[in-house]
Amino acid sequence: MQPSGRFESPRVLLRQAAPCQLVAFSPDSRLVLTSSLDASVRLHEVSSAKQLAAYPQGQETVVSLSWFPSSKRFLVATHRQLSVYSTQYAGSEPFQRITPAHSYTYDAVVGPGGDSIISVGQDRKIAFARWGAAPGACCSLVGLWTGRIDCWLAGSATQLTPPTPQAGG
């Protein structure tokens, strides 16, 4: 950005064989994720434009990329799978796979505090999953937003409490 506040002329950061459809900067601005039409996600270092890792998604179309606040983990959402990857572990396998609340996911994002994942799907539901909750913990908001989120432990009647929105955000 120039001192005047105007952006500098764009420059090519990198080229990929397949057209790129999604991009997401890490919160610390050191890393960038790209997703291409070849169903792959690539991790790049911004300063050098060097590709650090590739995360193939099989035949699944990537619909969303979202970072956790630490810049050490990120979420990849496809229509049928949510996967959390770590930048600290080598290899292309996810750190954790999360069963989506939807049969067909449209979008998913990591919450600002990094402790929740919100997703939307073809079923017209907004789903909420708490990161680090007990295995099988799931929260779901069904239908249009009403200000109420019902949470339960999957397979039981155990009620959970979703995080409280923080003031000013």
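## An exposed arginine and its partner

Let's start at Arg30, which counts as exposed because its relative accessibility is 52%, and the cut-off for exposed is over 50%. Keep in mind that this is a predicted model.

Arg30 forms a salt bridge with Asp28, and their closest N and O atoms lie 3.1 Å apart. Asp28 itself is partly exposed, with a relative accessible area of 33%.

## Two further salt bridges

How many salt bridges does the structure hold? There are three. Besides the pair you have just met, the side chains of Asp38 and Arg42 meet in a salt bridge, at 3.3 Å from N to O. Here Asp38 is partly exposed at 36% relative accessibility, while Arg42 counts as buried at 16%. Why is Arg42 called buried? Its 16% relative accessibility falls in the buried class because that class covers values under 20%.

Glu93 and Arg97 also join their side chains in a salt bridge, with 3.5 Å between N and O. Glu93 is exposed, at 59% relative accessible area, and Arg97 is partly exposed, at 46%.

## A buried serine

Now look for Ser35 in strand β2, which spans residues 31-36. Is Ser35 buried or exposed? Ser35 is buried, with a relative accessible area of 0%.

Who are the neighbours of Ser35? Leaving aside residues up to four places away in sequence, Ser35 touches Pro19, Cys20, Gln21, Leu22, Ser40, Val41, Val62 and Leu65.

## The hairpin of β3 and β4

Val41, one of the contacts of Ser35, has Tyr55 in β4 as its bridge partner. Strands β3 (residues 40-45) and β4 (residues 51-56) run antiparallel and are joined by five bridges.

Between the two strands of this hairpin there are five residues, and Ala49 takes a positive phi near 65°.

## The four-stranded sheet

Strands of a sheet pair through backbone hydrogen bonds, in either a parallel or an antiparallel way. In this structure, four strands make an open sheet in the order β5-β6-β7-β8, with antiparallel pairing. Which strands are at the edges? They are β5 (62-67) and β8 (96-98), each of which pairs on one side only. On average, neighbouring strands of this sheet are turned by 20° against each other, ignoring direction.

To see one pairing in detail, find β7 (residues 82-86), which pairs with β8 in the antiparallel sense over three bridges. Ser83 stands opposite Arg97 in β8, and Arg97 is also the salt-bridge partner of Glu93.

Terms used
Residues numbered from 1 in each chain as written. Predicted model: local features only at pLDDT ≥ 70, side-chain atom pairs only at ≥ 80, totals over all residues. Heavy atoms only, no water. Buried < 20%, exposed > 50% of the residue type's maximum accessible area, 1.4 Å probe, protein only. Contact = heavy atoms within 4.5 Å. Pairing = 2+ DSSP bridges. Axes fitted to C-alpha atoms, helices over the stretch in contact; angles between N-to-C directions. Salt bridge = Lys/Arg side-chain N within 4 Å of Asp/Glu carboxyl O.
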